[in-house]
Amino acid sequence: MKVHVRYFAAAADYAGADSEEIEIEDGASVGELAEAIKSARPDSERLAKVLDVASFLVNGKRAEAGDVLTGTPDVDVLPPFAGGSPDAAWMVR
């Protein structure tokens with residue numbers, strides 16, 4: 001299946017793009033999509049860290065890592081923004 005992925009803020013910076021199409025297997029989960037993105041950029045440790053703490057929206061609705069992607073989904077990758085988790089403090093260094 002083809003997934004349209006849009007990156008925001010630090011995710012876009014580290015991905016080097018605002019969006020892209022990712023090909024994954026039918027029935028893959030949001031977490032498997034994140035792993036596919038990481039695998040496509042093994043040299044981008046910063047992007048991997050952002051994906052580990054990011055929120056994902058699938059077709060405009062919040063999704064968890066185990067949620068299965070169906071159809072031709074649009075997935076937004078939203079890293080923590082100001083005032084977010086203290087665990088994400090590494091992004092501002």
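Two strands count as paired if DSSP finds at least two bridges between them. The strands themselves (E, at least two residues) and the helices (H or I, at least four) are DSSP runs, numbered from the N terminus. With that in hand, take strand β3: its Phe56 has Val77 of β5 as bridge partner.

A word on the model before going on. This is a predicted model, where local features need pLDDT of at least 70 and side-chain atom pairs count only at pLDDT 80 or more, while totals for chains, interfaces and linings use all residues. Residues are numbered from 1 along each chain as its sequence is written, and side-chain values use heavy atoms, with hydrogens and water left out.

**The sheet**

Let's start with the strands. There are 5 of them in an open sheet with mixed pairing, and the order is β2-β1-β5-β3-β4. β2 and β4 sit at the edges with a single partner strand each, so one side of each has no neighbour in the sheet. On average, neighbouring strands are turned by 35° against each other, direction ignored; axes here are lines fitted to C-alpha atoms (for helices over the stretch in contact), and angles run from 0 to 180 degrees between N-to-C directions.

β3 pairs on both sides, as this little table shows.

| Strand pair | Sense | Bridges |
|---|---|---|
| β3 and β5 | antiparallel | 4 bridges |
| β3 and β4 | antiparallel | 3 bridges |

Leu57 is a nice spot to look at: its bridge partner in β5 is Asp76, and in β4 it stands opposite Arg62. The hairpin of β3 and β4 has 2 residues between the strands, and Asn59 there takes a positive phi near 50°. β3 also has two faces: Phe56 and Val58 are on the covered one, Ser55 and Leu57 on the uncovered one.

**The helix on top**

Now for α2, residues 30-40. Which of its residues are buried? They are Val30, Leu33, Ala34, Ile37 and Lys38, where buried means under 20% relative accessible area, exposed over 50% and partly exposed in between (1.4 Å probe, protein chains only). Seen down the axis of α2, these buried residues fall within an arc of 140°, so they line one face of the helix; the arc is that of the directions from the helix axis to the C-beta atoms. Their cover includes β1, β2, α3, β3, β4 and β5, with contact meaning heavy atoms within 4.5 Å.

The other helix in that list, α3 (45-53), has an axis that comes within 9 Å of that of α2, and the two cross at roughly 170°. That makes the pair roughly antiparallel, a label for angles over 145 degrees (under 35 is roughly parallel, 65 to 115 roughly perpendicular, the rest oblique). On the α2 side, Ala34, Ile37 and Lys38 make the contact; on the α3 side, Leu47, Ala48, Leu51 and Asp52 do.

**Arg41 and Glu20**

Finally, have a look at Arg41, in the loop between α2 and α3. Is Arg41 buried or exposed? Arg41 is buried, at a relative accessible area of 17%. Its side chain reaches the backbone oxygen of Ala15 at 3.3 Å. Leaving aside neighbours within four places in sequence, Arg41 touches Tyr7, Ala15, Glu20 and Leu47.

Glu20 belongs to β2 (residues 19-23). Its side chain and that of Tyr7 are joined by a polar contact of 2.5 Å, meaning a pair of N or O atoms within 3.5 Å; within protein, one must be able to donate a hydrogen and the other to accept it, and residues adjacent in sequence count only if both atoms are side-chain atoms.
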